[in-house]
Amino acid sequence: MSLNFDLTEEHRMFWDAIASFVDKEITPLVDEAEKKEEFPVFLFKRLGELGYLCCRYPEEYGGAGADKISECLYTEELNRVCAGIASCLAAHATLATSPIFDFGTEQQKQEYLIPAVRGEKIGAFALTEPNAGSDAASILTKAVREGDEYIINGTKTFITNGTICDYVVVAAYTDPSQRAKGISLFIVDKDNPGFHVARKLEKSGLRSADTAELVFEDCRVPKSKLLGEKEGGFIQVVKTLAEGRISYGSRCIGMARGVFDLTKRYAEERIQFGQPLIQFQVNQFKIADWAMYIDIMHTITWKAAWMCDQGRDCTREASIVKLFCSETTQTLINQAIQLFGGYGFMMEYPIQRFWRDSRVLTITEGVSEVHRSIIYRSLRGK
Ligand SMILES: Cc1cc2nc3c(=O)[nH]c(=O)nc-3n(C[C@H](O)[C@H](O)[C@H](O)COP(=O)(O)OP(=O)(O)OC[C@H]3O[C@@H](n4cnc5c(N)ncnc54)[C@H](O)[C@@H]3O)c2cc1C
């Protein structure tokens with residue numbers, strides 16, 4: 001038995017196919033989507049038809065039965081061209097569908113997962129509230145049981161796909177006397193009375209992504225909408241977030257690769273002091289460092305994806321991936337802007353978009369401080 005770090009032939013073929021799809025069909029959409037601050041919604045169906053959208057789910061639910069590593073390759077390619085578009089697709093393919101796949105009843109899978117995999121229903125995942133971000137256990141949203149129904153009240157903010165979703169998986173307390181363990185997940189349809197979009201949020205980055213504030217006001221849902229028809233779903237939240245964090249590593253790698261390509265080309269073409277910028281050894285060293293960091297990010301992300309595919313607990317590894325890849329990519333992009341000089345600051349060069357989009361990497365899906373705490377706690381557990 002020996003260690004094997006190679007991607008399989010199938011992974012390579014999948015990676016080539018998704019890369020050429022992204023170049024041909026997504027790159028041309030980016031400028032308009034960013035300018036109008038509108039996600040090109042038809043992409044859900046297009047990617048669903050091709051089997052890319054939620055590739056990881058088994059064929060019986062319409063997926064391609066791909067592994068977590070394939071999902072990572074798909075995520076990386078999308079982010080190489082546009083992190084805004086990629087973030088809506090990722091919220092759907094991971095956060096809004098994986099709890100249904102992992103914990104939903106068969107009826108919930110038929111009603112939500114299968115159409116979501118096909119791109120016919122768009123999903124959102126709503127945990128964050130105006131006063132509860134990192135401290136998810138402090139959410140105020142409640143779901144009170146009344147006969148065969150639950151009545152949900154609360155406000156959610158920063159929700160990706162909030163205005164374009166057909167359903168939202170929402171976290172609410174069913175038993176506030178139990179901190180965190182009393183939180184349950186519900187699937188709420190967009191047209192369910194009592195649920196509405198309060199406002200679409202304007203952002204400095206990820207402008208093509210849809211982000212909204214959602215309100216639940218005496219929102220009555222049948223008990224069949226309780227995920228898995230079982231109260232006490234905080235473990236569902238924890239698992240959903242952990243798996244999302246591995247793909248998040250690929251999100252960072254995709255952005256780092258996009259910037260690497262743009263900057264290397266620029267440094268080869270830009271002449272100062274009579275020679276291309278790349279001829280200065282200091283700049284060659286920068287490019288070499290970035291190539292090294294991209295390799296390291298691939299290694300740790302794919303290792304965590306592999307662990308996830310083995311069904312192993314990867315909470316600690318997912319935090320290492322999220323923390324290292326987000327902070328490294330931010331540093332890399334900041335250095336790249338420096339190499340672009342004043343042009344890096346101008347809106348006509350795409351590098352500024354990567355810079356704006358990358359700022360949120362250390363904030364969403366767990367701020368860096370939370371991941372450091374998770375890693376530290378894992379040391380004490382050893
Ligand atoms: C573009 C975007 C999309 C999003 N999409 C979704 C979505 O689809 N669904 C959803 O539910 N949420 C979503 N979020 C919310 C996101 O998950 C939260 O922003 C994130 O969890 C951080 O919460 P917060 O913004 O309230 O920051 P806070 O929790 O208030 O943290 C602010 C700062 O306080 C410090 N801090 C916090 N905790 C600690 C600690 N334990 N130790 C030390 N310092 C600490 C850190 O410096 C941190 O950056 C999205 C956010 C954004 C910006």
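User: Before we get to the ligand, what do the domain bounds come from here, and which domains is the protein chain divided into?

Analyst: Domain bounds come from an automatic or database domain assignment. This is a predicted model, by the way. On that assignment, the chain splits into domain 1 (9-118), domain 2 (123-232) and domain 3 (235-380).

User: OK, so which domains each give at least three residues to the shell around the ligand?

Analyst: The ligand has 16 residues around it, with F125, L127, T128, S134 and F158 the closest. At least three residues of that shell come from each of two domains: domain 2 (123-232) and domain 3 (235-380).

User: Which side chain has an N or O atom 3.0 Å from an oxygen atom of the ligand?

Analyst: Let's go through the polar pairs. L127 uses a polar backbone atom, 2.8 Å from a ligand oxygen, and T160 has a polar side-chain atom 2.9 Å from a ligand nitrogen. The side chain that pairs with a ligand oxygen at 3.0 Å belongs to E369.

User: How much of the ligand's accessible area does the protein cover?

Analyst: On its own, the ligand has 970 Å² of accessible area. The protein's share of cover is 63%.

User: And which element gives the most to the shell?

Analyst: Two elements give two or more residues each, β1 (123-126) and β3 (149-160). With 3 residues, the top contributor is β3.

User: What area is buried between domain 2 and domain 3?

Analyst: Their C-alpha centres sit 30 Å apart. In contact are 9 residues of domain 2 and 10 of domain 3. Carbon and sulfur atoms give 64% of the buried area, which is about 850 Å².

Methods: Residues numbered from 1 in each chain as written. Predicted model: local features only at pLDDT ≥ 70, side-chain atom pairs only at ≥ 80, totals over all residues. Heavy atoms only, no water. Near = heavy atom within 4 Å. Polar contact = N/O pair within 3.5 Å; in protein donor to acceptor, adjacent residues only side chain to side chain. Areas by Shrake-Rupley, 256 points an atom, 1.4 Å probe, with all protein chains shown as cover. Helix = DSSP H or I, 4+ residues; strand = E, 2+ residues; numbered from the N terminus. Contact = heavy atoms within 4.5 Å. Buried area = accessible area lost by both parts, 1.4 Å probe.
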